[in-house]
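Work through the exercises below with the coordinates open, and try each task before reading its solution.

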Amino acid sequence: MARVDLKNVTKDWGTAKAIDDISLSLENGEFAAVLGPSGCGKSTTLFMLAGIYLPTSGDILFDGARVNDVEARDRNVGIVFQSYALYPNMTVLQNITFPLRFKEISRADAERSAREIAELVEIEGLLDRRPNQLSGGQQQRVALARALVKKPNLLLLDEPLSNLDATLRLSMRTEIRRLQRELGVTTVLVTHDQIEAMTMADRIVCMNQGRIEQEGTPEALYSRPETVFAASFIGSPPMNLLAGEASDGGIKVGEAVLDTAGDVPPGAVKVGIRPEHITVNGEGVQAEILIAEPLGRETLYTARSVLGTTRFLEPTSVPRFKVGDQVRLGFEPEHTILFDGNHDRRLEGVRAHV
Amino acid sequence: MRASSTRRQASNFAIFLGPALAFLVALLVVPIAVDLVVAFTDMAQTVTVDEFTTKQFKKIVRVSDDSLLGFELRGSFYRALTLTAIFVFFTLSIFNVTFGLVLALTTTALPDRLGAFFRAVWLLPRMAPSVVYALLWIWVIDPTERGLLNQVLVNLFGLEPVNMKLDHPMTVIVLSNGFIGASIGMLILTSSIRSIPQHLFYAARADGAGSLSIIRHVVMPALRWPLSYITVFQTLALLVSFEYIFLIMGPSRSTMTMAMLAYTKTLAPSIGSGLYAYGAAITLILIVIGMVIALLLYRLTNMKSLLAQPRIEVH
Ligand SMILES: Nc1ncnc2c1ncn2[C@@H]1O[C@H](COP(=O)(O)OP(=O)(O)OP(=O)(O)O)[C@@H](O)[C@H]1O
Ligand SMILES: [Mg+2]
């Protein structure tokens with residue numbers, strides 16, 4: 001178990017900066033999710049923690065000690081790769097005991113630990129098989145067992161669930177979370193699935209183009225996104241972002257003018273409002289339904305109004321409106337988030353409403 | 001449905017395997033058949049066949065009535081058998097497999113450009129015409145003080161010059177064939193190592209494995225099939241190869257392997273050639289030896305199980 005710090009870490013591949021000056025601290029036993037779009041540097045960050053890649057500059061600390069020069073094999077880090085990376089020529093049992101070969105543990109003890117951990121991830125019946133005789137979900141459990149068997153200080157998971165079907169993904173989510181709690185191991189999960197990040201992690205680190213866009217609890221990221229990127233990346237369906245121009249008279253969005261609360265500095269702004277926070281047929285602007293998409297428990301509508309194109313959710317499984325219907329759309333000021341239109345950063349203490 | 005699928009199978013067979021089969025027959029089956037026929041005749045300088053006979057093989061088994069020549073031919077055959085075994089075994093085990101593997105492992109561990117450079121250096125002799133490569137060796141082992149080896153021995157180490165051709169003839173042909181043969185193993189093994197998923201190496205390092213353990217547990221298992229392939233393929237190639245032996249050593253008795261013997265007794269001008277039937281008999285024996293060795297290695301290296309697993313199931 002370890003406390004992990006990244007201090008001003010940069011990774012430059014020569015062709016591009018994959019990681020651009022990130023700093024991050026993980027508490028002992030914490031479960032953090034690194035969330036971001038493809039190519040933003042998630043795997044690179046993980047591989048630097050594992051000691052597979054060396055940072056170009058900056059420091060990585062485990063329990064306060066600098067580990068930049070510590071080789072991967074001496075870091076005691078367990079890692080699950082997106083491809084699982086099981087050794088194809090070894091049986092499941094041999095795969096799981098492999099990390100113990102390099103520790104001073106007798107063969108019998110190693111096998112006992114492996115069987116224990118196999119039971120924990122429920123693959124005790126598969127120990128004699130080879131990886132190519134396993135399903136994706138089973139391979140994933142083997143990879144997890146191999147990462148956990150050496151009782152790592154730090155567990156790194158690189159999109160471990162992306163190859164699984166929806167049901168299996170759901171159960172593995174709970175299972176990984178349970179295991180992590182049980183073992184109390186500091187864990188970093190890399191994912192581009194925001195629901196995975198929100199449901200599993202104590203803390204989400206949202207990354208974009210090699211930088212940390214925002215970090216915090218899932219609630220904080222959801223309700224108080226600091227940047228336009230975080231606002232649009234977290235939440236599904238994504239937040240509506242209405243581009244407007246602020247002046248003394250309010251915010252002009254399209255042909256409408258929104259009232260403001262607080263001091264909105266004049267200039268370009270973006271008004272963020274989540275689809276589930278749009279009120280229908282109360283006070284508001286006239287809108288026409290363009291698309292109605294039943295999502296199961298709720299229905300997602302896309303509508304056009306003087307505000308532009310907006311999306312809103314209705315908690316009915318059968319669509320209440322059909323394409324072409326006229327509705328009135330509005331929102332409460334406490335649900336709005338305003339961003340500076342030039343820097344895409346959140347403006348503190350200001351609201352807008354129709 | 002059935003009928004059309006059978007027809008399609010037949011036409012697929014003709015389209016995809018037809019050219020290869022024709023090629024196989026023209027270039028492999030026909031020469032072997034010709035060799036088979038000639039081996040059981042008395043064809044000599046005149047290139048005429050007077051009778052069908054097994055006397056070529058008898059020459060090998062016991063001293064024939066043809067007195068002196070028969071005695072000589074029998075001796076040459078057993079000597080050639082031994083020399084071939086030595087030549088193939090050492091060239092294959094030291095160079096084609098081991099050295100090829102070492103080259104592949106080291107050049108893939110180096111930074112990309114440097115590795116590519118070293119591989120290119122090892123490929124140079126393959127790109128040069130055989131005669132140039134042979135001349136290079138002749139210069140290296142030249143017994144006078146002009147030879148590179150002797151220059152090094154005499155000037156750098158103050159030793160006596162050596163006559164490699166006379167004193168270590170087999171070493172010369174093993175080295176010269178090995179240096180050129182290692183590059184094939186190197187290329188095949190390099191591409192096999194390259195095709196191992198990068199994540200496996202990362203996983204092994206994170207699991208605590210050092211370089212040697214990674215070679216043993218990650219790299220070597222992936223090389224089983226290419227190593228088997230190289231062993232079988234190169235054994236067969238070396239059995240019949242005589243190009244460099246002939247170019248460097250000439251028709252010297254000290255390096256007269258089976259392939260050399262078959263060549264000198266038949267086609268080599270002005271060095272006792274023209275014994276076509278005898279050469280054909282030796283070649284036939286060589287073919288049988290090759291087949292037996294291929295089958296043995298095939299069993300030994302478990303290549304069957306590797307070949308038998310279809311990657312895609314075809315119906
Ligand atoms: N070995 C490498 N050499 C050069 N550039 C690299 C290398 N590995 C990664 N990169 C670059 O670094 C950036 C970050 O890559 P990384 O693999 O960390 O992305 P990621 O966030 O994990 O994406 P994904 O979700 O697609 O896995 C990318 O622009 C990638 O092209
Ligand atoms: Mg990745």
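A cavity is here a set of grid points where a 1.4 Å probe fits but cannot get out, and its lining residues are those with an atom within 4 Å of such a point. The helices named below are DSSP runs of at least four residues. The model is a predicted one.

**Exercise 1. Describe the largest cavity and state which element gives the most to its lining.**

Solution. Begin with the count: the structure holds 3 cavities of 30 Å³ or more, and the volume of the largest cavity is about 50 Å³. Next, list the lining of the largest cavity, which consists of A:Val4, A:Leu6, A:Leu24, A:Leu26, A:Val34, A:Lys42, A:Thr45, A:Leu46, A:Leu49, A:Val188 and A:Val190. Then assign these residues to elements of chain A: at least two lining residues come from each of β1 (4-12), β2 (17-26), α1 (42-50) and β8 (186-191). Of the elements, α1(A) gives the most, namely 4 residues. Finally, sort the lining by character, which yields 9 nonpolar residues, 1 polar residue and 1 charged residue.

**Exercise 2. Characterise the interface between chain B and chain A by its contacts, buried area and salt bridges.**

Solution. The size of an interface is often given as the accessible area lost when the parts come together. Start with the contacts, where 16 residues of chain B meet 22 residues of chain A. The area buried between the two chains is about 1700 Å², and carbon and sulfur atoms give 62% of that area. For the charged pairs, the count between chain B and chain A is 2 salt bridges, whereas the structure holds 24 over all chains. A salt bridge joins the side chains of A:Arg146 and B:Asp207, with a distance of 3.6 Å from N to O.

**Exercise 3. Locate the salt bridge of A:Arg115 and relate its partners to the secondary structure.**

Solution. The partner of A:Arg115 is A:Glu111, and the closest N and O atoms of the pair are 3.1 Å apart. Both residues belong to helix α3 (residues 107-120) of chain A, where they are 4 residues apart, about one turn of the helix.

**Exercise 4. Compare the UniProt annotations with the computed content of the spans they name.**

Solution. For chain A, an unreviewed UniProt entry places the feature "domain: ABC transporter" at residues 4-234. That span is 34% helix and 26% strand in the model, and its end C-alpha atoms lie 25 Å apart. For chain B, the record, again an unreviewed entry, lists several stretches as "transmembrane region", among them residues 117-140 and 170-189. Residues 117-140 of chain B are 92% helix and 0% strand, with end C-alpha atoms 23 Å apart. Residues 170-189 of chain B are 100% helix and 0% strand, and here the end C-alpha atoms lie 27 Å apart.

**Exercise 5. Find where the backbone of chain A has a cis peptide bond and where it has positive phi values in residues other than glycine.**

Solution. Most residues other than glycine have a negative phi, and most peptide bonds are trans. The cis bond joins A:Ser236 and A:Pro237, with omega about -5°, and A:Pro237 lies in the loop between α8 (228-233) and β11 (240-247) of chain A. Turning to phi, A:Asp63 has a positive value near 50°, and this residue sits in the loop between β4 (57-62) and β5 (65-66) of chain A. A:Asn76, which is not a glycine either, has a positive phi of about 55°; A:Asn76 is found in the loop between β5 and β6 (77-80) of chain A.

Note on methods. Residues are numbered from 1 along each chain as its sequence is written. Chains are lettered from A and ligands numbered from 1 in the order in which they are written. This is a predicted model: local features need pLDDT of at least 70, side-chain atom pairs count only at pLDDT 80 or more; totals for chains, interfaces and linings use all residues. Side-chain values use heavy atoms; hydrogens and water are left out. On a 1 Å grid over the protein atoms alone, a cavity is a set of points where a 1.4 Å probe fits but cannot get out, and a pocket is an open set with protein on both sides within 12 Å along at least five of seven lines; lining residues have an atom within 4 Å of a point. Grid points are joined across faces, edges and corners, and a volume is the space filled by probe spheres set on the points. Ala, Val, Leu, Ile, Met, Phe, Trp, Tyr, Cys and Pro count as nonpolar, Asp, Glu, Lys and Arg as charged, and the others, Gly among them, as polar. UniProt positions are given in the numbering used here, feature names are shortened, and annotations may be inferred rather than shown by experiment. Contact means heavy atoms within 4.5 Å. Buried area is the accessible area (1.4 Å probe) that two parts lose on being put together, summed over both. A salt bridge is a side-chain nitrogen of Lys or Arg within 4 Å of a carboxyl oxygen of Asp or Glu.
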